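Ready to get to know a new structure by working through it? Grab a pencil and take the exercises in order.

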Amino acid sequence: MKIVVLVKQVPDTAEERKLDLTTGLLDRDAGDSVVDEINERALEVALRVKDANKSTEVVVMTMGPDGATQALRKALSMGADSGVHILDDSLAGADTKRTAAALAAGLKVTGFDIVLAGNESTDGRGGVVPAMVAEHLALPLLGSLVSAEITEGAVRGVRQGEGGTLNVHAALPAIVTVTESSAEARFPNFKGILTAKRKPVTTLSVADLGSADLGSAELGGAGLTGFGPGADARVGSTVIVSTTERTARAAGRKIVDDGTAATELAEFLVANRLV
Amino acid sequence: MFERTEDQQAMVAMVRDFAGGAISPHSAYWDETKHFPVDVLREAGTLGMGGIYVSEEYGGSGLTRTDAVLIFEELAKADPTIAAYISIHNMVVWMIDAFGNAVQRANWVPQLASMEALGSYCLTEPGAGSDAAALSTQAVRDGDDYVLNGTKQFISGAGAAGFYLVMARTADTGSHGITAIVVPANLQGLSFGPNEKKMGWNAQPTRQVIFEDVRVPVANRLGAEGSGFGIAMKGLNGGRINIAACSLGGGQAALDKSIAYLKERTAFGGTLISKQALLFEIADMDTELETARTLVLRAAEALDRGAADTVRLCAMAKRVATDAGFNVANKALQLHGGYGYLAEYGLEKIVRDLRVHQILEGSNEIMRLIVGRLAVED
């Protein structure tokens with residue numbers, strides 16, 4: 001079985017995350033970049049299949065600038081067999097729509113039995129790319145699973161929502177996303193770290209993707225979650241109207257208890273829809 | 001030599017992530033309750049920490065001594081006690097892998113490198129510490145067995161370990177009459193003293209190991225009869241820089257806490273870090289640690305290379321880094337004022353843990369003896 005796991009390099013949530021106000025894009029120099037934790041969980045699901053059946057092939061795929069290779073190396077050190085890096089200057093600043101088109105085209109090139117991804121990235125938090133990929137490939141999407149059981153030819157999983165629990169299943173091939181409630185990711189061991197360098201990473205340019213409908217570079221607007229300083233503002237179809245810095249937090253209101261504090265507190269919580 | 005490779009950065013990052021989740025949140029509780037976290041050690045074993053610089057043939061990670069000191073420093077930032085036990089375990093596994101025959105290595109190294117079984121290093125005795133060559137535990141040959149009698153003192157991991165690497169006397173010829181023997185925990189006649197009450201290092205057990213007519217197959221002997229003292233000393237070269245690295249990690253954690261505290265705490269109309277006298281303290285602590293770190297890396301490089309001055313450099317590094325780690329931790333406690341003395345702030349534990357690093361793996365006085373003798377040797 002061939003499992004492709006989609007991974008994204010994102011700014012470390014433990015550090016300050018900033019947008020470049022002139023381009024509207026992520027400021028990648030503001031902090032360290034890491035593999036999105038949610039993708040590590042998706043990879044864990046794949047690696048457990050491989051633990052049980054060594055013939056399983058796990059491929060990690062990312063789209064991003066040069067530095068995104070590091071995210072692939074981390075995934076390879078955890079146990080993935082090979083990496084695919086969709087790398088092309090013309091994709092800098094790509095929005096979710098274009099990203100999904102490129103990933104879908106990449107998946108057609110690599111082939112797969114099942115695609116695993118996180119349900120939403122910790123930076124852009126769009127949560128739509130896997131669904132768009134599924135649309136491009138005309139495959140079923142099993143989104144936001146808390147657990148997934150992958151067997152030859154089928155995937156079953158559990159989706160927990162506020163309204164209840166759904167047991168879902170699909171025949172393969174299919175696209176599956178997992179939430180942060182899914183399996184905790186393993187650490188790479190020392191051997192994994194040392195062998196990651198020797199594992200193959202294929203680079204795919206837009207030309208290699210052949211197809212496809214990657215959206216027109218002439219459309220206006222910068223990508224919402226696009227990458228790279230100096231990213232071209234014409235490459236996405238999402239239009240960013242403006243970007244402003246988050247306003248500094250003002251001091252809150254203090255309630256002094258003169259006997260009515262409980263009522264005032266309750267009113268505050270209700271008025272702000274916090275209860 | 002001093003620039004970390006990409007692999008080293010990735011390994012240190014992994015250790016930091018692992019220790020940040022599995023060790024540091026629990027370390028105060030383990031210290032308070034004297035809990036030896038065998039399950040966490042097993043987890044460390046799956047990540048390759050049970051045989052860091054042990055060859056890959058039987059399950060070691062095959063890393064360099066330089067890699068090892070970076071790893072131990074990072075582990076010790078989370079908990080010097082756990083890092084130090086892992087260092088002792090590694091010393092034992094390396095000795096078995098380096099001096100054992102193929103059968104011994106195949107039998108013992110895989111379970112030790114994975115930390116499914118833990119190792120204990122048994123050299124010191126109640127009456128023989130710094131003068132280790134005077135040890136008196138007897139191993140008397142009887143057919144295909146050695147019969148062991150005697151007591152080992154201050155043994156880390158005792159009672160929990162699966163294998164005891166015992167230096168025992170097989171002949172009355174001083175250091176040349178000592179033999180290294182691997183004793184599995186399940187043998188008849190092997191027993192342990194009570195867990196010692198200690199100043200620090202509470203998260204690992206320290207007990208006497210007592211041998212009463214313990215029959216050990218001759219096949220468990222490491223190397224030739226009479227070669228045990230040399231094996232024990234070779235193990236200690238690595239042990240010394242690893243414990244040195246553990247002191248660096250503890251000291252660095254104390255320094256980091258101090259910097260954060262001085263930036264936040266205000267007195268006399270400003271933050272403490274704005275007082276130059278205290279800033280100078282930080283400068284001295286940082287400099288002392290970096291000086292020691294530089295020497296530890298130099299010694300590790302010499303050990304990797306098999307350089308002629310390895311023993312000298314390892315002894316110097318052990319002495320300098322364990323003194324530096326303790327001094328920095330003690331200064332950090334002072335900088336925290338009354339809070340430094342409270343267990344809740346974590347400083348006093350680092351001071352208690354690092355104090356013993358100046359005593360064990362060869363006391364710092366023995367380090368000076370080694371360096372001094374080599375300096376004046378003709």
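Here come some exercises on this predicted model, each with a worked solution.

**Exercise 1. Unusual backbone spots**

Task: Work out which peptide bond from Leu172(A) is found, cis or trans, and where Pro173(A) lies.

Solution: Start with the background: most residues other than glycine have a negative phi, and most peptide bonds are trans. Now look at the bond running from Leu172(A) to Pro173(A): omega is near 0 degrees, and the bond is cis. Next, place Pro173(A) in chain A: it sits in the loop that links strand S10 (164–171) with strand S11 (174–178).

**Exercise 2. Two phenylalanines**

Task: Decide for Phe154(B) whether it is buried or exposed, then do the same for Phe268(B).

Solution: First, the backbone. Phe154(B) isn't a glycine, yet its phi is positive, about 60 degrees. Phe268(B) isn't a glycine either, and its phi is positive at about 50 degrees.

Second, the location. Phe154(B) belongs to strand S3 (residues 145–156) of chain B. Phe268(B), on the other hand, is in the loop between strand S9 (266–267) and strand S10 (270–271) of chain B.

Third, count neighbours. A residue is buried with 20 or more other C-beta atoms within 10 Å and exposed with 12 or fewer. Phe154(B) has 20 C-beta neighbours inside 10 Å, so it counts as buried. Phe268(B) has 7 other C-beta atoms within 10 Å, so it is exposed.

**Exercise 3. A lysine in between**

Task: Find where Lys275(B) lies and how many other C-beta atoms are within 10 Å of it.

Solution: Lys275(B) is in the loop between S10 and helix H8 (276–305) of chain B. Its count is 14 other C-beta atoms within 10 Å, so Lys275(B) is partly exposed. Now check a distance: Leu262(B) is 13 residues apart from Lys275(B) along the chain, and their C-alpha atoms are separated by 9.3 Å.

**Exercise 4. A helix pair**

Task: Describe how H4 and H5 of chain B pack.

Solution: Two packed helices are described by the angle between their axes and the distance between the axes. For helix H4 (residues 65–78) and helix H5 (residues 80–99) of chain B, the angle is about 145 degrees and the axes are 6 Å apart. Then list who meets whom: Phe72(B), Leu75(B) and Ala76(B) from H4(B) contact residues of H5(B), including Pro80(B), Ile82(B) and Ile86(B). Sorted by class, this contact has 7 nonpolar residues, 1 polar and no charged ones.

**Exercise 5. Domains side by side**

Task: Which element of domain 1 of chain B gives the most to the side that touches domain 2?

Solution: Begin with the division of chain B: domain 1 (6–113), domain 2 (119–224) and domain 3 (229–376). The centres of domain 1 and domain 2 of chain B are 22 Å apart. Across the contact, 24 residues of domain 1 of chain B face 17 residues of domain 2 of chain B. On the domain 1 side, helix H2 (27–33), H5 and helix H6 (102–113) of chain B each supply at least two residues. H5(B) gives the most, with 12 residues. That side of domain 1 of chain B divides into 16 nonpolar, 5 polar and 3 charged residues.

**Exercise 6. A sheet in chain A**

Task: What is the strand order in the open sheet of 3 strands in chain A?

Solution: The order is S8-S9-S10 (chain A), with antiparallel pairing. At the edges are strand S8 (147–151) and S10 of chain A, each pairing on one side only. Finally, zoom in: S8(A) pairs with strand S9 (residues 154–161) of chain A over 5 bridges, and Thr151(A) stands opposite Ala154(A) in S9(A).

Methods: Residues are numbered from 1 along each chain as its sequence is written. Chains are lettered from A and ligands numbered from 1 in the order in which they are written. This is a predicted model: local features need pLDDT of at least 70, side-chain atom pairs count only at pLDDT 80 or more; totals for chains, interfaces and linings use all residues. Helices (H or I, at least four residues) and strands (E, at least two) are DSSP runs, numbered from the N terminus. Axes are lines fitted to C-alpha atoms, for helices over the stretch in contact, and angles run from 0 to 180 degrees between N-to-C directions. Two residues are in contact if their C-beta atoms, placed from the backbone, lie within 7 Å. Ala, Val, Leu, Ile, Met, Phe, Trp, Tyr, Cys and Pro count as nonpolar, Asp, Glu, Lys and Arg as charged, and the others, Gly among them, as polar. Domain bounds come from an automatic or database domain assignment. Two strands pair if DSSP finds at least two bridges between them.
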